[in-house]
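Hi,

Here is the structure I said I would pass on. Have a look at it first, and my notes follow underneath.

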Amino acid sequence: MSQVILPGGTIGILGAGQLGRMMTTAAKHMGYRVAVVGASPDDPAAQVADHFIEGDLMSPESAARLARVAGAITVEIENVSVPGLEAAACEVPVRPSAAVVRIAQHRLAEKQALEAMGVPVAPFREVTGAAQLREALESIGFPAILKTARGGYDGKGQVRIADPGQVERAFEELGAGRVDLVVEAVVPFEKEISVVVARDAAGRIAAYPVVENEHRRGILHRSIAPARVGTNVRERAVEAARDIAEGLGLVGVLAVEMFALPGGEIVVNELAPRPHNSGHFTLDACATSQFEQAIRAVAGLGLGSTEQLVPAVMLNILGEHLPAVLEKYTSLMQDPHVKVHLYGKAQARPGRKMGHILVMDRDLSRCVERADALWSWLTGERRD
Ligand code: AMP
């Protein structure tokens, strides 16, 4: 099996959303052909790929069909068939590996893997029943968060438990034990941060600068890069991300979401073994984008520089923001500090990620001011 895929060869991507679209365009710039698997030929990545395969990502057959046309396979989402990836790996390189994807699919497996690597995580317990949950909460304490182990995203699949009186309702709300659950302590964080890290097949690691993330209603609203955090936090966050990439034996790109505590400690919350929304600033603000980095890794090549060339603020455009973005698009495009990326999605539902705006300025605080002013102008919202 050839471990290096040269331009002209085909990269296969499981998933056809916006991350797959931006991976596809990065691959096309490098001279690759791209095949993607998704639900519809109008999916964001399907619009720009060379081959579209209609398929269910959780079916092993999807990876098998991709392996027939691609020289190497990667993912743009972790919810894909692990047995499918395992079988495909007998035919072509699969990067990241099925083992890494399996861990990232399951919060409990993920936390156990992180703990085994010596990476700090919030105190947690597996939940096997209501009585055992009450018992677990005696040691974890209140407030706590109950989370589904699989399939949660954008704040879905989790319930806060403020006191013992809320335990039963939270348990019922998340399926009363019909799905795997994890309970964890609420972390009194100062900031949410993330690090995107890449590791190539030769084991070389390259981390992007730490990013500061703000969520609204569970969905990422904006990311500030570099994060306005102290040296302690920065160093610990990058070290944790590197340790995790190494510990997992990752080949690909991995986003590590973390909490920064007031004392400068960090706690890892979640992993995503693929490019990540908080890494979109790398498209225009870094020497190599996270998408190109993912393609380099899957193709068996070395990594590009992760150097950040200019501070940036990323603002997500959700369905409810799209009309204003289009109405003001020509004005937006006159601002030399602004880049607008849209994902080609036909349906603009509230909360759906339709695109993002990057605001860049050589001075970080001026960059944040510009982003604040732009967002108020665009949406009428004021930052308090
Ligand atoms: P998650 O689905 O784990 O990414 O969680 C979504 C959001 O919920 C995070 O971005 C945090 O804002 C919040 N959150 C999740 N877990 C915790 C925790 N243990 N302590 C405090 N906030 C949390």
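Let me start with a strand pair: β1 (residues 10–14) and β2 (residues 33–38) run parallel to each other, with five bridges between them. If you want a spot to find that pairing by eye, T10 sits opposite R33 of β2. Bear in mind throughout that this is a predicted model.

Those two strands belong to an open sheet of four, ordered β3-β2-β1-β4 and paired in parallel. At its edges are β3 (51–54) and β4 (72–75); each has a single partner strand, so one side of each has no neighbour in the sheet. On average, neighbouring strands here are turned by 20 degrees against each other, ignoring direction.

As for the overall layout, the domain assignment splits the protein chain into domain 1 (10–94), domain 2 (123–185) and domain 3 (191–379). The centres of domain 2 and domain 3, taken over C-alpha atoms, are 29 Å apart.

There is another open sheet of four strands, this time antiparallel, in the order β5-β8-β6-β7. Its edge strands are β5 (124–127) and β7, and since each has a single partner strand, one side of each is left without a neighbour in the sheet. Within this sheet, β6 and β7 run antiparallel and are joined by four bridges. I145 has R160 in β7 as its bridge partner.

Now the part you will probably care about: the ligand. Where does the ligand lie relative to domain 2 and domain 3? Both domains give residues to the shell around the ligand, so it lies between them. In terms of strands, β6 (144–148), β7 (158–161), β8 (181–185) and β14 (266–272) each supply at least two residues of that shell.

The ligand has 15 residues around it, and K147, E184, V187, E192 and E270 come nearest. By type, the shell divides into six nonpolar, three polar and six charged residues.

A few polar contacts to check in your viewer:

- K147: a polar side-chain atom lies 2.8 Å from an oxygen atom of the ligand.
- E270: an N or O atom in the side chain is 2.8 Å from a ligand oxygen atom.
- A185: here a backbone N or O atom lies 2.9 Å from a nitrogen atom of the ligand.

And how much of the ligand does the protein bury? Taken alone, the ligand exposes 480 Å², and the protein buries 90% of that.

Over to you!

Cheers

Technical notes. Residues are numbered from 1 along each chain as its sequence is written. This is a predicted model: local features need pLDDT of at least 70, side-chain atom pairs count only at pLDDT 80 or more; totals for chains, interfaces and linings use all residues. Side-chain values use heavy atoms; hydrogens and water are left out. A residue is near a molecule or strand if one of its heavy atoms lies within 4 Å of it. A polar contact is a pair of N or O atoms within 3.5 Å; within protein, one must be able to donate a hydrogen and the other to accept it, and residues adjacent in sequence count only if both atoms are side-chain atoms. Accessible areas come from the Shrake-Rupley method with a 1.4 Å probe; for residues, only the protein chains shown count as cover. Ala, Val, Leu, Ile, Met, Phe, Trp, Tyr, Cys and Pro count as nonpolar, Asp, Glu, Lys and Arg as charged, and the others, Gly among them, as polar. Domain bounds come from an automatic or database domain assignment. Two strands pair if DSSP finds at least two bridges between them. Axes are lines fitted to C-alpha atoms, for helices over the stretch in contact, and angles run from 0 to 180 degrees between N-to-C directions.
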